[in-house]
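Student: I have a protein model open and I would like to learn how to read it. Could you take me through it step by step?

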Amino acid sequence: DTSAPAVDSKWGKPVGSAGRTVTAKDGQPWKPEHRVAGKTGYAYSFGGDAEKRYIAIPYSEALEFGAGDFSIGYWVKATAASGALVVKTTTFPFFMFHWDAGGRGRFMFRGADAQATAVMVTKKPLNDGVWHHVVFSLRKAKDVRVCVDGKLDAALPTGDLGTFSKKAAIGLGGYGYANGYYDGLMDSFRIYGKALTEEE
């Protein structure tokens, strides 16, 4: 975001407003060269395990989905075969998107009232070095869906997963893990308080 103020932020001490907080696990701030040409305007270039950069969106009630529908979308461009793109904790309730061993998108969801974790994988790899638009949507008591480049790619019936309310940040690119950081570009990350249709 070119309108974001120039701030340095250290591990565990977020600075700035939601969506603009930029930190690195080793305590080093992001550098200007990490902002690169994106799908539109600029994108962030994540450095994988070698650099362990990530973006933390601090907890906010405005981003609390509760037991309702929600969607998360973004553009990605990568060639690496692993890495976490979007993470909201690993203890339930949680949701997470990362690459599987074959470079396909792998989505994991577990609400507070669920007895099992819902796992869904895209039909084809997404780490082919070209831009892909990815949107995953949860429809309460119905299913989880993922659209790739504007087309429905996969759907998984879930039943009622319960609430996803949890006072935790949303991490992009890895967020606090020892390894498994995303290596690639991300642009236009967006959160919606509803399940988007394929047309949307």
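**Confidence first**

Tutor: Gladly! This is a predicted model, and within the protein chain the confidence is lowest in strand 1 (residues 22–24), with a mean of 50, and highest in strand 5 (residues 70–77), at 93. Over residues 1–22 the pLDDT is below 50, and this stretch has 36 contacts in the model beyond near neighbours in sequence.

Student: How should I read a region with low values?

Tutor: Where pLDDT is low, the predicted coordinates should not be read in detail. For the protein chain as a whole, the mean pLDDT is 81, and 84% of the residues reach 70 or more.

Student: Which elements make up the protein chain, helices or strands?

Tutor: The protein chain has 14 strands and 0 helices. Reading from the N terminus, you meet one β element after another.

Student: What share of the residues is buried, and what kind of atoms make up the surface?

Tutor: Of the 200 residues in the protein chain, 46% count as buried. The accessible surface is about 9600 Å², and 51% of that belongs to carbon and sulfur atoms. Sequence separation is worth a look too: among contacts with a separation of 6 or more, 60% are between residues 24 or more positions apart.

Student: Could we follow one residue through the fold?

Tutor: Let's take Phe95, which lies in strand 7 (residues 94–99). Phe95 counts as buried because its relative accessible area is 1%, and the cut-off for buried is under 20%. Leaving out residues up to four places away in sequence, Phe95 touches several others, including Phe65, Ile72, Val86, Met108, Phe136 and Ile170. Take Ile170 from that list: Phe95 and Ile170 are 75 residues apart along the chain, yet their C-alpha atoms are separated by 9.4 Å.

Student: Several of those names are aromatic. How do I describe two rings?

Tutor: A pair of aromatic rings is described by the distance of the centres and the angle of the planes. A search of the whole structure gives 13 aromatic pairs. In one of them, Tyr74 and Phe189 are stacked, with 6.2 Å from centre to centre and 15° between the planes. Tyr74 is in strand 5 and Phe189 in strand 14 (residues 183–192), so this pair ties together parts that are 115 residues apart in sequence. Tyr74 is also buried, at 0% relative accessibility.

Student: Which residues do ring pairs link into a cluster?

Tutor: Among the members are Phe46, Phe70, Tyr74, Phe95, Trp99, Phe136, Tyr182 and Phe189. You have already met Phe95 and Tyr74, and here they belong to one cluster.

Student: What about charged side chains?

Tutor: Side chains of opposite charge can pair when their charged atoms come close. The count here is 5 salt bridges. One of them joins Arg104 and Asp100, whose closest N and O atoms are 2.9 Å apart. Another joins Arg139 and Asp143, with 2.7 Å between the closest N and O atoms. Lys194 and Glu200 form a salt bridge as well, again with a closest N to O distance of 2.7 Å.

Student: Are the partners in these salt bridges buried or exposed?

Tutor: Look at each partner separately. Arg104 is partly exposed at 32%, whereas Asp100 is buried at 12%. Arg139 is partly exposed at 23%, and its partner Asp143 is buried at 9%. With Lys194, the relative accessible area is 40%, so this residue counts as partly exposed, while Glu200 is exposed at 52%.

Student: Which charged residues sit over a ring?

Tutor: Arg35 lies over the face of Tyr42, 3.9 Å from the ring centre. The charged end of Arg110 sits over the ring of Phe92, at 4.2 Å from its centre.

Student: Last topic: what should I look for in the backbone angles?

Tutor: Most residues other than glycine have a negative phi, and most peptide bonds are trans. Asp149 has a positive phi, near 55°. Asp149 is in the loop between strand 11 (143–148) and strand 12 (151–157), and this residue is partly exposed, at 36%. Ser188 has a positive phi too, near 55°. Ser188 is found in strand 14 and is partly exposed, with a relative accessible area of 28%.

Key. Residues are numbered from 1 along each chain as its sequence is written. This is a predicted model: local features need pLDDT of at least 70, side-chain atom pairs count only at pLDDT 80 or more; totals for chains, interfaces and linings use all residues. Side-chain values use heavy atoms; hydrogens and water are left out. Helices (H or I, at least four residues) and strands (E, at least two) are DSSP runs, numbered from the N terminus. Buried means under 20% relative accessible area, exposed over 50%, partly exposed in between (1.4 Å probe, protein chains only). Contact means heavy atoms within 4.5 Å. Accessible areas come from the Shrake-Rupley method with a 1.4 Å probe; for residues, only the protein chains shown count as cover. A salt bridge is a side-chain nitrogen of Lys or Arg within 4 Å of a carboxyl oxygen of Asp or Glu. pLDDT is the predictor's confidence in each residue, from 0 to 100. Rings of Phe, Tyr and Trp (its six-membered ring) pair if their centres lie within 6.5 Å; planes under 30 degrees apart count as stacked, over 60 as edge-to-face and the rest as tilted. A charge sits over a ring if NZ of Lys or CZ of Arg is within 6 Å of the ring centre and within 35 degrees of the ring normal.
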